[in-house]
Amino acid sequence: MPLLEIKNLKIHYRTKNGVVQAVDDVSFAIAPGGTLGLVGESGCGKTTIAKAIMRLLPKNGRVAGGEIRFNGRNLVDLSMDAVRKYRWEEIAMISQSAMNALNPVARVGNQLIEAMQAHRPVSRDAAGRRMAEVFDLVGLSIERARDYPHQFSGGMKQRAVIAMALLLEPPLIIADEPTTALDVLVQDQIILKIKELLNKLSNAMILITHDIAVVAETCERMVVMYAGKIMEHADTDAIFYNPYNPYTLGLQNAFPSVKGDRKNLISIPGYPPLLINPPPGCRFAPRCPFVLPLCRTQEPPLAEVAPGHFNACHRAAEVEEIRAQAKKEKTWMNAKAA
Amino acid sequence: MAKKKFSERAVVLRHFLHEQREVFRGEKLSIAGLIIVGIFMVLAIVGPHIVPYGPYEAIVDEWGLVPDNKAPSTKHWFGLTRFGYDVFSQTIASSRTAVIVGLISAVMVVFVGANLGLLSGYFGGWLDEFIMRITDIAYGIPFLPMAIVLMTLLGRGISNVIIVVVALFWRTTTRVIRAQVLTIKERPFIQAARVAGASDLRIIYRHIAPNVLPMAFLYVALAVGWAVIAEASISFLGFGDPDSISWGQMIHYVFAAQMFRQAWWWFLPPGLCIVLLVMSAFWIGLAYEKVVNPRLKIE
Amino acid sequence: MMMKQFGLDQPKLTQYLIYMRNLFTGEFGISIRTNQKVIEMLSGKLWNTLFMMGSAMFLALILGVIVGTVLAWKRGSGIDTGGIAVFLALRSAPEFWLGMILLVIFGYSLQWFPIGLMLTPGTHYTGFFDKYFSWDFIHHLVLPVFTMTIFYLATPMLVTRNSILDILHEDFIEMAHAKGLSDGRIMFRYALRNALLPVVTIAPLMLGFAIGGQVLLEKVFSWPGMGRELVEAVNSMDYPVVQAAFLFLGAIVIIGNFLADVLYSYLDPRVKVG
C-alpha cells in the first residue's frame with residue numbers, strides 16, 4: 001500500500017478577483033521509503049499541495065475536492081486535534097524559507113526539544129539525547145544547540161531544520177525548496193547531505209523544487225506540474241532520458257548543465273496562465289510550440305505511455321519528432337506566434 | 001514660461017488630491033473623522049460670530065446679579081458657569097483655540113520633524129549623529145513640566161502654546177521618518193537618480209519625500225490629537241491664556257470652582273468636544289496607517 | 001551679604017562646581033516660598049508620586065499587552081473592533097477630565113472611594129511601610145491609578161496587537177504550526193515573546209507623557225506629589241523648588257529609559273549591552 005496517495009486533489013483560493021483554481025485534479029502516490037520530486041515553475045501549485053497535506057493552507061484556501069490518503073486515512077476530513085497529532089510525528093515539513101523558520105528569541109536546542117515534547121512524553125534528557133543523534137546525522141556540532149538562530153549561518157540553519165524534521169522519525173518528510181535560499185556552494189553541501197540521509201534512513205521524501213537538477217540527483221520518481229495540473233509523472237531516469245511532454249522538454253532546455261556541449265539556454269517564452277476561470281483545453285497550450293487546435297479545446301488526459309510513465313499530451317504518439325524539434329532554439333522562438 | 005509651470009503644478013496638485021482621495025476610499029471611520037474635523041473648522045471660523053453671547057459676558061438679571069440656578073434652559077442650552085457665563089457660547093468659541101492650536105502645531109511639528117528626519121537619514125554622518133543626539137535629549141524631557149516652565153518664561157498666549165508644543169513634539173516624527181528614509185535610501189531607483197546626476201536636495205525632495213508622505217500625514221493626524229490634549233492640559237493647570245477661552249480652560253474653571261459634582265452641564269461639554277475632535281483626528285490617522293502598513297488591511 | 005551667603009561673589013566656574021556638588025549631595029537650597037530646605041520638602045513627595053505613577057504604568061503595560069494579545073487573537077471580530085474603539089476613545093479624552101468623571105461617579109455619588117488626597121487627614125503612621133502599605137493608602141490609590149491605567153492602556157495595547165499581527169505572518173510561526181504545537185502555545189511563546197520587543201521600545205516614550213499625566217492627576221485628586229509641588233512652585237516663582245522638582249521628574253524619565261534598554265537586551269538575544 002502506498003504511504004501517501006493524492007487522489008484527484010483540487011485546491012481553491014478565494015480572492016477578491018475570483019476563485020483561483022490552484023490545484024486541479026492532481027493524483028500521485030509515494031511508497032514507504034520512496035523519494036518523489038515535485039517540479040514546476042512558481043505558482044504551479046506544488047507548495048499548495050504540500051501545505052494542504054499539512055493543513056497549513058491560508059484562511060482563504062480550501063480543498064475543493066479529492067483525497068489525501070496517508071496510510072489509508074483521508075487527512076482532509078480529520079479534526080484539528082488529529083491533525084496536530086500527525087504533524088511532525090507522521091509527516092514533517094521543511095518549509096521554503098528555513099532561514100526564518102526558527103524562533104529568533106529561543107535557543108535552537110530548545111526548539112527541537114519542544115518539537116519532541118509536543119508529541120511524546122519524554123524527559124528533557126531523553127529529548128536531548130535524541131537531539132544529539134540528529135545533530136550528528138546532519139553534521140552539526142551539539143554545542144551549537146545552546147545558540148540562538150541568528151548565530152547560525154544559512155547552511156547551518158537549514159541543517160538544524162532538517163535535524164528537527166528527523167527527530168520523531170516521521171515516515172514522510174516534505175522538503176519545500178530546501179536549497180533555494182542558499183548560495184550555490186552551500187546548496188551543494190545540503191543536497192549531498194540529503195542524499196546521504198536518504199540512503200541511511202528509511203523516511204520517504206517529497207522534494208519540491210523548481211530546479212530539476214536537484215531532483216535528478218536525489219529522487220527516484222518525479223512529477224512535473226504546470227498551472228495546477230500534472231504534465232508528466234514517471235521515474236526520474238525515464239523523464240530525463242525519455243521525456244514525453246513538451247513542457248518537460250522546455251524545462252530541460254532551460255537549465256544549464258556542466259557536462260555536454262556548450263549550448264545556449266533556451267527558455268520558454270510567455271507566462272503561466274491566471275488560474276481564475278482558466279481557459280478550456282491544455283493549460284500549456286498558449287506557450288506550447290507543438291500546439292494543435294485540439295489542445296485548446298480538450299484537456300489531454302494523463303495517460304500511461306510506458307510502464308509507470310504517465311504523460312498528459314494529445315501528441316504523445318509523435319514523441320520522437322517532438323523530442324528532435326525541442327532541441328532546436330527556433331522551435332521555441334516560434335512558440336509565441338503559434 | 002511661467003504659465004507653463006503653473007499648469008504643470010496644477011496637474012501635480014490634482015494628482016496629489018486624487019491620491020489622497022484613494023487613501024480614504026472605503027474607510028468609513030476616517031471619512032467620518034474628516035467630516036467632524038471639518039465641522040469644527042467651520043465652527044472655529046464662524047463660531048464666535050454666531051453665538052448669542054461672548055465667552056466672558058456675564059448674564060445678569062434685572063438686579064445685576066448672576067442667577068442662582070445655572071442649569072441648562074431653553075435660553076442657555078448648556079447652562080451657565082459660576083460667574084454667569086454662557087457655557088454654550090464658551091464651548092463653541094473654544095473651537096477656534098482648539099483648531100488653531102491643533103492644526104498649526106501639527107503641521108509645524110511634522111514639517112520640522114520630517115525635514116530633520118529626511119536630512120538626518122539621507123546625509124548620515126555627523127549631521128545624523130548631531131540631530132539624533134538632540135532628539136535623544138528631547139526624549140528625556142517630560143512634556144508637561146517643561147511646558148509649564150516655558151509658559152511661565154515666555155508668557156501666556158496661544159502662540160506660545162504652539163511654540164512649546166512644536167518644540168517638544170517634533171522628536172517622534174524625526175525618528176520615524178529617519179527610519180523610513182534609511183530603508184528608502186538603498187532602493188534601486190534612488191541609486192539610479194544619483195547615477196543620473198541628480199543633486200542631493202533634488203533626490204531628497206523629489207524622490208524620497210513623496211514616499212514618506214503617507215507616514216508624515218499619519219503623524220500630522222496624530223499630532224493634532226496630541227496638540228489639542230496638550231493645550232487642554234496646560235490650560236487645566238492654569239497656564240492658559242486668560243484673554244481667550246478654550247475647552248481646557250473651561251474645565252480649569254469648573255475645577256477651581258469645585259462645582260463639577262453638581263454642574264455637569266459645565267464640565268461635560270468641553271470634555272466631550274475634546275474627545276470628539278481628538279478621536280476624529282486619530283480616525284483620519286487610521287486611513288494613513290493602512291497606507292504605511294498595508295498588513296493592517298483586513299482581507 | 002546675601003551674595004556671600006549664596007556664593008554669588010565667587011567666579012562662575014566655582015559656582016558651577018559648587019552647584020554640581022550640591023546636586024549630588026542632595027543640597028538643593030532653600031525654598032523661597034516656605035523657607036524650608038528643598039530636599040526636606042520634596043523627599044516625601046517623591047515616594048508619593050512614584051507609588052502612584054509606578055503602579056499605573058505597571059498595570060497599563062501588563063494589561064495593555066494582555067488585551068492587545070487577546071484582540072490580535074480575535075482579530076476582525078466584534079471584540080477586536082469594540083476593544084480598539086473603547087480604548088481609543090479613552091485615549092482621546094483629556095485624562096484630567098476622565099479623573100473628574102470617575103471622581104464624581106465613584107467618589108461623590110457611589111461613595112466607594114475617597115474624594116482625593118492620599119491619606120485620610122488626621123491619621124497617624126509609624127513609618128514608611130506602615131504608611132504606604134496600609135489599606136487607607138490603597139483605598140486612596142485606587143481611583144487615581146485606575147484613571148491613569150485606562151488612559152495609558154491604549155498605547156501598549158495597540159502596539160502589541162499590531163506587532164503580533166505582523167509576526168503571525170512570519171515563517172517561524174508557520175513552522176511552529178507545522179510542528180504540531182497548540183494555538184495557545186504559539187500565541188504566547190512565539191508570537192507574544194517576539195511582539196514584546198516593540199512594546200519595550202515605546203515604554204520610555206509613554207513615561208515622558210505619563211509624567212504629564214501624573215502632574216494633572218495630582219491636581220485632580222489633590223495627591224501630594226512632586227507634580228503638585230512643581231506647579232505650585234512655578235506659580236510662585238520658587239526657583240529652587242522648580243529646579244529640584246524638575247530634576248526629579250526628569251530623572252524618572254531617564255532612569256526609566258535605562259531600565260527599558262536593559263530589559264530589551266534581556267528579551268532580545270540579538271542585542272548585547274555595551
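In chain A, A:R221 has A:D235 of strand 10 as its bridge partner. This is a predicted model, where local features need pLDDT of at least 70, side-chain atom pairs count only at pLDDT 80 or more, and totals for chains, interfaces and linings use all residues. Residues are numbered from 1 along each chain as its sequence is written, while chains are lettered from A and ligands numbered from 1 in the order in which they are written.

Let's stay with strand 9 of chain A. Here are its two pairings (two strands pair if DSSP finds at least two bridges between them); strands are DSSP runs of E, at least two residues, and helices are runs of H or I, at least four, numbered from the N terminus.

| Partner of strand 9 of chain A | Sense | Bridges |
|---|---|---|
| Strand 3 (residues 35-39) of chain A | parallel | 4 bridges |
| Strand 10 (residues 229-235) of chain A | antiparallel | 6 bridges |

On the strand 3 side, A:V39 has A:V224 as its bridge partner. With strand 10 of chain A, strand 9 of chain A makes a hairpin with 2 residues in between, and A:A227 in that turn has a positive phi of about 50°.

In a regular strand, side chains alternate between the two faces of the sheet. Here A:R221, A:V223 and A:M225 point one way, A:M222, A:V224 and A:Y226 point the other way, and all are buried. Buried means that 20 or more other C-beta atoms, placed from the backbone, lie within 10 Å of the residue's own. Since 6 of the 6 residues in strand 9 (residues 221-226) of chain A are buried, the strand is largely enclosed by the rest of the structure.

Now for chain B, which has 10 helices and 0 strands. Its C-alpha trace spans about 85 × 45 × 40 Å along its principal axes, and buried residues make up 44% of its 299 residues.

Helix 8 (residues 200-239) and helix 9 (residues 247-256) of chain B pack at about 30°, with axes 7 Å apart; axes are lines fitted to C-alpha atoms over the stretch in contact, and angles run from 0 to 180 degrees between N-to-C directions. The two helices of chain B are therefore roughly parallel, a label for angles under 35 degrees.

Chain B also touches chain C, with 31 residues from chain B and 32 residues from chain C in the contact (C-beta atoms, placed from the backbone, within 7 Å). Helix 10 of chain B gives the largest share of chain B's side, 7 residues.

Notes: Angles under 35 degrees count as roughly parallel, over 145 as roughly antiparallel, 65 to 115 as roughly perpendicular and the rest as oblique. A residue is buried if 20 or more other C-beta atoms lie within 10 Å of its own, exposed if 12 or fewer, and partly exposed in between; C-beta atoms are placed from the backbone. Two residues are in contact if their C-beta atoms, placed from the backbone, lie within 7 Å.
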